[in-house]
Amino acid sequence: MLPDHVAEPGACRCTPCETCRALISSRVALFASRFLLLRISHWNGCIPVLENWVVVPTCLPVVLRRCHSCPSGRFRANGKFRVNANHKLLDVWLLVRCVACGDTAKLTILERVNVRSVRPGLLDRLHANDLGLAAELLQDPAVLRRNHVSLDWEGAWRLDTGSACHGDFRDVSVRFEVRIPLRPVRLIAEGCGLSRGEVERLVEEGKVVSAVRLRGKVSGDFTFTLKR
């Protein structure tokens with residue numbers, strides 16, 4: 001405890017006594033030692049530092065649907081739309097092409113919709129064959145259900161890990177730029193430079209933990225902790 005004459009700030013303007021100087025010096029030394037230990041622990045990888053990974057699309061996914069001309073069943077979109085106006089009613093399709101035979105198919109986007117109900121900005125993007133709009137529509141579950149199709153994202157994404165921390169204790173936040181269904185085990189293996197078998201073993205041993213089911217598929221943001 002500080003002496004009475006310096007217990008209250010501003011109570012006394014005299015020079016601090018030797019006891020005060022010793023106490024202040026000891027507190028400064030304690031703070032410095034704790035800070036040094038914190039830095040050493042950080043350098044040794046003892047304190048988890050949150051890493052940020054991002055799943056980024058690199059191209060449009062493959063559309064899975066039956067081809068009427070060949071047995072391929074795999075189509076790609078290139079952002080081309082077909083807009084048909086019948087008086088005040090509008091039909092819009094996204095065109096996709098079979099990767100094997102080149103046959104063209106149509107995915108229904110709008111059907112018999114009053115043209116006044118369509119935003120002018122959307123119409124402009126449709127007429128301009130906006131590739132970004134095609135990507136947005138392919139991620140719309142309603143569009144996929146209406147056309148009875150699904151997507152294959154294999155080879156259409158990458159994982160950006162930035163400057164990864166190489167400690168033995170890691171907290172990682174994984175963010176998806178678009179909803180791509182992927183297995184967390186696959187992402188962890190790729191981001192940490194491990195095989196999937198090694199990640200499966202770490203999960204079994206409780207050294208990889210997360211609030212999501214690591215062996216299923218996720219398409220939204222999640223976090224996990226790795227201890228090795």
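Start by selecting R112, which sits in strand 5 (residues 104-114). You're looking at a predicted model here, and in it the phi of R112 is near 50 degrees, a positive value in a residue other than glycine. Is R112 buried or exposed? Neither label fits: with a relative accessibility of 48%, R112 counts as partly exposed, because the exposed class needs over 50%.

Now jump to H87. You'll find H87 in the loop that links strand 3 (74-86) and strand 4 (89-98). H87 also has a positive phi without being glycine, with a value near 60 degrees. Its relative accessibility is 77%, so H87 counts as exposed.

Next, go to the start of strand 3 and step back into the loop between strand 2 (62-64) and strand 3, where C67 lies. C67 has a relative accessible area of 5%, so this residue is buried. Which residues does C67 meet, once its neighbours within four places in sequence are set aside? Show G73, F75, C98, C101 and D103, and you have its contacts. Pick out D103 from that group: C67 and D103 are 36 residues apart in sequence, yet their C-alpha atoms are 7.7 Å apart in space.

Time to look at the nonpolar interior. Colour F81 and L94: among the 28 residues of the largest nonpolar core, these two touch the most other members. Strand 3, strand 4, strand 5, helix 2, helix 3 and helix 4 (141-147) each put at least two residues into this core. Zoom in on L94 and show what surrounds it. Leaving out residues up to four places away in sequence, L94 touches a list that includes A77, F81, L107, I109, A134 and L138. There is also a second, separate core of 27 residues, with V55, W157, V174 and V203 among them.

Now display helix 2 (residues 120-127) and helix 3 (residues 131-138) together. Their axes come within 8 Å and cross at roughly 110 degrees, so helix 2 and helix 3 are roughly perpendicular to each other. To see the contact itself, turn on the side chains of L122, R125 and L126 in helix 2, then select G132, L133 and E136 in helix 3. Sorted by type, the residues of this contact are three nonpolar, one polar and two charged.

Move along to helix 5 (residues 184-192). Why is helix 5 described as largely enclosed by the rest of the structure? Seven of its nine residues are buried, so that description follows. Select P184, V185, L187, I188, A189, G191 and C192 to see those buried residues. Then switch on what covers them, including strand 1 (50-57), strand 7 (157-160), strand 8 (169-176), helix 6 (196-204), strand 9 (208-210) and strand 10 (222-227). Just past the end of helix 5, click G193, which takes a positive phi of about 70 degrees.

Last stop: helix 6. Its buried residues include V199, L202 and V203. These three span an arc of only 100 degrees around the axis, which puts them on the same side of helix 6. Keep helix 5, strand 9 and strand 10 on screen, since the buried residues of helix 6 pack against them. To finish, select G206, which follows helix 6 and has a positive phi near 75 degrees.

Notes
Residues are numbered from 1 along each chain as its sequence is written. This is a predicted model: local features need pLDDT of at least 70, side-chain atom pairs count only at pLDDT 80 or more; totals for chains, interfaces and linings use all residues. Side-chain values use heavy atoms; hydrogens and water are left out. Buried means under 20% relative accessible area, exposed over 50%, partly exposed in between (1.4 Å probe, protein chains only). Helices (H or I, at least four residues) and strands (E, at least two) are DSSP runs, numbered from the N terminus. Contact means heavy atoms within 4.5 Å. Axes are lines fitted to C-alpha atoms, for helices over the stretch in contact, and angles run from 0 to 180 degrees between N-to-C directions. Angles under 35 degrees count as roughly parallel, over 145 as roughly antiparallel, 65 to 115 as roughly perpendicular and the rest as oblique. Ala, Val, Leu, Ile, Met, Phe, Trp, Tyr, Cys and Pro count as nonpolar, Asp, Glu, Lys and Arg as charged, and the others, Gly among them, as polar. A nonpolar core is a set of buried Ala, Val, Leu, Ile, Met, Phe, Trp, Tyr and Cys residues joined through side-chain atoms within 4.5 Å. The arc is that of the directions from the helix axis to the C-beta atoms.
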